[in-house]
Amino acid sequence: MDLQEIKISHSARLWAVRTRKFKKNVLSMTAILPLGPETTPLDLLFPRVLMRGIDGYPENADLKKRLETLYDTRIREGCSYFGDSLKIGFTADFLDDRVVESPILRGVVDLLAGIWQRPALDSNRILRENEVNLAKRALCDSIRAEINNTAVYAANRCREIICAGEPYGYSVAEDEVEAITAAALTERYRQVRNSAFLTFFYVGSKPAGEVAELLASAFPPAPDCPGVQPPVLAPTPAAAPVYKEVSMPVSQAKLVMGFTAGGMVFSDIPDYYAMCLATEIFGGTTSSKLFVNLRERLSLCYYCGAYYENLKGIIYVSSGIDTQSKEAARAEVLAQLDELRAGRITPAELDAALLSMTNTFRQIEDSPYSILSFCSGRALLGLDCSPENFIKKIKRVTLEDIKKAAGKITLKSEFFLAAQGGEAVRDD
Amino acid sequence: MTEKHITWFESATLGERYCRITLPGLPAIYVFPKDLTNTHALAAIKYGSIDRRFRPHGRKDYIEVPDGVAHFLEHRMFTDKDGRDVFERFAALGADANAYTSYDRTIYHFNCTENFETAFGLLLQMLTHPYFSAELVEREQGIIAQEIGMYEDDPGDVCYQNLLSAMYHIHPVRVNVCGTVESISRITPELLYDCHSTFYSAPNMVVILCGRVDPESVARIVAENIPATEAGEPRRFWYEEPAEVAGRRVTARRQVSKPVFAIGVKNTDISPDQTTRLKEQLLHRILNHMIFAASGELYNSLYDQGLITAPLAYSYEAVPSGGFSHVVVTGAAWLPDEVFRRTQEYISALRTRGIDKADFERGRRVLLSRIISQYDSTERTAHAMIDSAFRGLDIFDEQLLAEELTSEDAEVLLRKFYKDDKFVLSVVCPPKHTNQRKDN
């Protein structure tokens with residue numbers, strides 16, 4: 001995979017993968033910001049408002065129609081936690097110019113520049129109060145709507161417990177959003193626009209130099225930017241386990257267990273790859289210890305899997321179970337972890353995990369979105385962006401390495417959402 | 001192998017090509033060569049949740065089976081006669097396998113970057129060598145009961161399911177694909193064998209592959225693993241669904257932060273011609289986008305007045321067999337009845353004033369972009385092919401027909417389809433909700 005980095009200015013860079021394989025291309029734009037109550041509520045909100053209108057397309061309908069005219073180009077704002085930092089930005093996907101013989105990429109860059117630099121303002125040069133209020137309402141709705149997906153709700157509660165006191169353990173509250181004014185939001189937006197370092201990531205058929213030129217002319221340097229702002233990666237430390245339980249009128253209970261991974265976070269050292277493989281054997285596939293034992297052998301759950309949050313050094317085990325199966329499920333998860341720690345891993349389990357990871361990583365270059373997803377995080381951390389190298393390093397991991405990695409996995413938190421039974425009231 | 005026919009289809013506009021292989025007594029095979037690392041293979045069985053009344057293989061009378069059998073059968077196919085989990089066998093080859101059941105189909109699929117021929121052979125053997133025992137059936141009842149519980153907790157799923165039960169009087173589309181805990185408790189190994197022998201036969205399935213695949217090898221593997229038969233397609237019961245809706249409004253209560261709603265528009269006037277049905281499907285995709293997308297007047301007026309805070313989701317649903325068709329629009333709102341009323345009002349006004357040509361052309365661009373970009377992925381290509389294969393049409397017809405559609409076609413469809421008495425509203429509210437607006 002031909003990945004190129006080009007400096008656009010002192011406040012922006014481009015990573016580009018040139019390929020003619022796809023009809024759809026992607027271009028993302030991200031900034032790394034601090035994570036915490038002082039700024040995160042504002043930083044979650046202003047991108048939504050920016051998407052509502054820009055100079056030239058001041059109304060939402062106008063902007064959306066312009067995107068449709070560019071053959072269903074989609075630009076989505078996104079915010080996510082990146083270790084103990086917040087990553088915000090926009091991702092555009094659009095047809096390659098040669099597919100429809102039209103300058104789509106230029107149109108996309110113009111729109112991204114307009115969204116970031118020239119949002120529609122009121123007569124006082126402030127973000128429009130009505131749009132700010134509507135965006136606040138929408139953000140509060142999405143915070144409240146977490147309860148609609150009990151798996152997500154339970155996972156977030158476990159995150160808050162395991163990282164209590166750390167930025168990653170913070171969750172934005174509705175009252176923090178409600179307190180935001182249009183003036184304060186505009187001030188924060190301008191501060192970020194003028195100081196944030198922007199990283200662009202492009203996957204498509206254009207040469208990197210051509211894309212860089214388009215971006216350089218559309219995005220002048222940010223005057224207050226101090227340079228690259230790397231994300232904060234700090235593994236969550238081990239501590240005595242904390243257990244929390246709530247109950248809700250739902251049919252299926254959720255159990256989420258959070259384990260620390262011995263301080264092992266995203267890196268290129270052999271121990272990191274051992275932890276990845278250990279997690280895969282533990283609960284990453286339908287041949288994993290958790291799936292085979294909790295679901296297939298004991299029928300305790302419909303789903304049970306493990307996920308490695310490698311930016312914080314946490315392994316989450318999530319399952320959907322009956323309330324009365326909680327103790328049996330917990331015990332079995334811990335029993336399977338003991339098996340892993342003791343090195344009682346069958347050749348079939350190891351082979352299945354290796355093959356699964358190899359299969360997954362080989363396919364990265366089969367989609368512009370997976371290339372973006374795989375490379376952009378690694379590029380931000382200065383890590384190797386080659387899927388083939390990842391596969392080579394995973395294949396070098398031994399059973400002893402896995403056993404050693406598993407020995408560092410320690411329970412730190414549990415969150416249990418007990419099911420009181422759903423309300424099946426229906427009135428016609 | 002004798003009498004093998006390979007027909008190639010090509011689209012210069014899309015830059016794509018595929019072939020159809022026909023062998024006597026064997027499933028139709030579609031091969032889409034694509035130079036990507038992963039290969040995607042699927043077997044599509046024309047058997048789904050709506051096939052609950054049929055004539056079993058070798059018998060004269062029709063039987064009716066409990067709801068959820070097709071889905072149950074799909075789950076059980078992944079254990080072989082030695083009691084081994086077939087997922088593990090796929091995993092040992094580096095293949096990622098899965099399956100899903102819908103109204104009119106059960107799809108078994110995998111993708112892999114190596115060992116393709118062995119994995120493909122395994123898929124076909126799995127489908128043709130079922131094994132069901134009382135013990136395994138009982139274990140599966142526990143797992144699927146958990147799955148049903150998971151859906152019961154999802155307010156969106158409940159809202160949608162209730163909508164279907166309000167739109168349809170008798171058609172089995174009104175019933176959850178998984179069935180209920182009660183209905184699956186009546187499933188027996190004998191019943192599963194009956195359903196398998198009836199529906200999992202060569203004339204009732206298609207095989208689709210996309211990736212670095214050689215058509216000759218694929219044809220050989222199919223011939224080696226699937227018994228040829230001269231039997232025709234299974235005999236299914238045809239439900240005469242009344243044109244009118246069963247109920248205009250249905251509500252339920254769940255643990256949900258804000259009422260979620262689903263608006264349905266029912267249609268039973270379905271053309272017998274497959275090309276006409278495809279045209280209507282494409283027109284619906286354009287029309288729905290024009291009416292419900294974030295660029296449209298309806299969405300923006302609802303959002304600006306605070307009635308909704310997020311985009312609406314919308315889709316046109318129909319099956320190639322022609323049993324049902326409807327449009328579904330979903331969202332969340334404190335005043336779902338007001339959203340419903342405004343939606344009907346907007347569509348009624350649109351029927352009167354007609355379709356704006358510029359809006360239609362933008363909708364066409366959106367549709368074409370989505371058709372074009374589906375070919376970027378082996379998985380999306382293979383799954384997009386299923387409907388065309390079931391219909392006996394060329395998938396490239398989608399792009400050609402989309403280019404020919406006119407705004408006048410859309411107006412005709414708008415008037416024919418969106419009739420006031422065909423609208424239904426389903427709402428799922430928080431436990432104590434009283435249908436009053438809550439200001440944030």
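Trainee: How far apart do the C-alpha centres of domain 1 of chain A and domain 2 of chain A lie?

Mentor: One begins with the bounds of the domains, bearing in mind that this is a predicted model. In chain A, domain 1 covers 3-218 and domain 2 covers 242-419. Their C-alpha centres are separated by 30 Å.

Trainee: How many residues of domain 1 of chain A are in contact with domain 2 of chain A?

Mentor: A contact here requires C-beta atoms, placed from the backbone, within 7 Å. On that basis, 24 residues of domain 1 of chain A meet 25 residues of domain 2 of chain A.

Trainee: Which elements give two or more residues to the side of domain 1 of chain A that touches domain 2 of chain A?

Mentor: One asks which helices and strands supply the residues. For this side of domain 1 of chain A, they are strands S2 (12-18), S3 (24-34) and S6 (198-204), together with helix H6 (150-162), of chain A. The largest share, 9 residues, belongs to H6(A). By class, this side of domain 1 of chain A holds 17 nonpolar, 5 polar and 2 charged residues.

Trainee: How is chain B divided into domains?

Mentor: The assignment for chain B gives domain 1 as 5-236 and domain 2 as 249-429. The C-alpha centres of these two domains of chain B lie 27 Å apart. Domain 1 of chain B contributes 37 residues to the contact, and domain 2 of chain B contributes 34 residues.

Trainee: Which element gives the most to the side of domain 1 of chain B that touches domain 2 of chain B?

Mentor: That element is H5(B), with 9 residues. The elements of chain B that give two or more residues to this side are helix H5 (155-167) and strands S1 (5-11), S3 (28-33), S4 (39-45) and S9 (205-211). The classes on this side of domain 1 of chain B are 22 nonpolar, 10 polar and 5 charged residues.

Trainee: How many residues of chain B are in contact with chain A?

Mentor: The same reading may be applied between chains. Here 51 residues of chain B touch 56 residues of chain A. On the side of chain B that touches chain A, two or more residues come from each of helices H2 (86-92), H4 (134-152), H10 (297-304) and H12 (357-373), and from strand S11 (249-253), of chain B. H4(B) provides the largest share of that side, 8 residues.

Trainee: What classes of residue make up the side of chain B that touches chain A?

Mentor: That side of chain B comprises 18 nonpolar, 19 polar and 14 charged residues.

Note on methods. Residues are numbered from 1 along each chain as its sequence is written. Chains are lettered from A and ligands numbered from 1 in the order in which they are written. This is a predicted model: local features need pLDDT of at least 70, side-chain atom pairs count only at pLDDT 80 or more; totals for chains, interfaces and linings use all residues. Two residues are in contact if their C-beta atoms, placed from the backbone, lie within 7 Å. Helices (H or I, at least four residues) and strands (E, at least two) are DSSP runs, numbered from the N terminus. Ala, Val, Leu, Ile, Met, Phe, Trp, Tyr, Cys and Pro count as nonpolar, Asp, Glu, Lys and Arg as charged, and the others, Gly among them, as polar. Domain bounds come from an automatic or database domain assignment.
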